[in-house]
Amino acid sequence: MEIASCFAGDFSFFQFLGAIAVSGLCFVFAIFAVRLSPASFGRKSRSVESDGAGSGASLRKACSCACSCNSSGSGLATATATAPSTPYLNGGAEEMLDRAPVVSERQTGASMMEQLVPEITTHALSYLDYPSLCRLSMTNSLMRKAANDDNAWKALYHKDFTLEQDSVTPPNGWKAYYAATRAIVNINAEFFNIIRERSITAMSHLWFNADYVKCVHASGELFTGYNAVVESWQLAFNWDQGVDFQVRDVRARVLTDMAWVTMKTFVDMDTGPFNVTNVYEFHNGHWFMVHHHSSVLIDGEVDQPMVNG
């Protein structure tokens, strides 16, 4: 029993030593396998290429030429000059060449708006109103160029105002002409709001303070001079107990410092409209009324679309 136990103990000790020896050999083989792997070859080749590129760059910098050097490093400089600065990823040179047109197109900044025919661009912008077209011009340089197109503002003018002035050639372009016409239409609408509110203070500010201003009310009475015109409106506001009316067929014509507006006003749809003409002059950056004429239209009603000033 003692001999068997001793033999068993010695045998276990030998097995332990053998296991240690086998493990050591496996560790050594693993280190050699890692050193001889393809990844290590790739790292070495990349390091060699980078070293070669660095030496080629220094050589190119020293000789300041591309391929005319007669030294032994000319071939390396030429190869480095023709080689790409970054390695190809997920493919070869063919894939990079396929991507080149996309990159160049993206760098040119081309857009769909630039590729449209000018007539199509003008037609598309004609659906925008005045505020939207102004906001579009403030987005970027391309949209500003499209929104400032003279044909677009001419189409917008004909849509918002009248076709009577199709043959007119504004000296400052249709955009400036549209803005001036819009300002006159707004001033003219403010004139009728003052009548509805019966504000003599606002009416006195609207008229230009000059002796040549004139006002002809619907009664046919003529008033000349600023003071007489303002007093006539004061009498009208005191006499009338408030009146509401509709304004139709507004036609505006704007010159450099003068504008006139013709329209029809309906106090009672059964009695027919009044023909109204307002004349304005531009002084010190503001439009002022210098003439107002109102008369009854004897020919009867004229069916015209209402203009919302």
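In this predicted model, Leu25, Phe27, Val28, Phe29, Ile31 and Phe32 form a nonpolar patch of about 640 Å² on the surface. One of these residues, leucine 25, lies in helix α1, which spans residues 2–35. Leucine 25 counts as exposed because its relative accessibility is 51%, and exposed means over 50%.

The interior offers a contrasting topic. The largest nonpolar core holds 49 residues, and those touching the most other members are Ile184, Phe191, Phe192, Met203, Trp207, Val213 and Trp233. Helix α10 (residues 173–197) supplies the largest share of this core, with nine residues. Beyond its neighbours within four places in sequence, tryptophan 207 has contacts that include Val213, Tyr226, Trp233, Phe288 and His292.

Helix α9 covers residues 150–160, and its buried residues are Ala152, Trp153, Leu156, Tyr157 and His158. At the start of α9, a side-chain oxygen of aspartate 149 comes within 3.2 Å of the backbone nitrogen of asparagine 151.

The structure contains three salt bridges, listed below.

| Salt bridge | N to O distance |
|---|---|
| Arginine 182 and aspartate 160 | 3.5 Å |
| Aspartate 249 and arginine 251 | 2.8 Å |
| Lysine 264 and aspartate 249 | 3.3 Å |

Lysine 264 in strand β4 (residues 258–266) and aspartate 249 in strand β3 (residues 246–254) are 15 residues apart, so this pair links distant parts of the chain. Salt bridges join Asp249, Arg251 and Lys264 into a network. Within this network, aspartate 249 is buried at 12% relative accessible area and lysine 264 is buried at 13%, whereas arginine 251 is partly exposed at 25%.

Terms used
Residues are numbered from 1 along each chain as its sequence is written. This is a predicted model: local features need pLDDT of at least 70, side-chain atom pairs count only at pLDDT 80 or more; totals for chains, interfaces and linings use all residues. Side-chain values use heavy atoms; hydrogens and water are left out. Patches are made of residues with over 30% relative accessible area and no salt bridge: like charges are joined within 9 Å, nonpolar side chains (Val, Leu, Ile, Met, Phe, Trp, Tyr) within 5 Å. Accessible areas come from the Shrake-Rupley method with a 1.4 Å probe; for residues, only the protein chains shown count as cover. A salt bridge is a side-chain nitrogen of Lys or Arg within 4 Å of a carboxyl oxygen of Asp or Glu. Helices (H or I, at least four residues) and strands (E, at least two) are DSSP runs, numbered from the N terminus. Buried means under 20% relative accessible area, exposed over 50%, partly exposed in between (1.4 Å probe, protein chains only). A nonpolar core is a set of buried Ala, Val, Leu, Ile, Met, Phe, Trp, Tyr and Cys residues joined through side-chain atoms within 4.5 Å. Contact means heavy atoms within 4.5 Å. A polar contact is a pair of N or O atoms within 3.5 Å; within protein, one must be able to donate a hydrogen and the other to accept it, and residues adjacent in sequence count only if both atoms are side-chain atoms.
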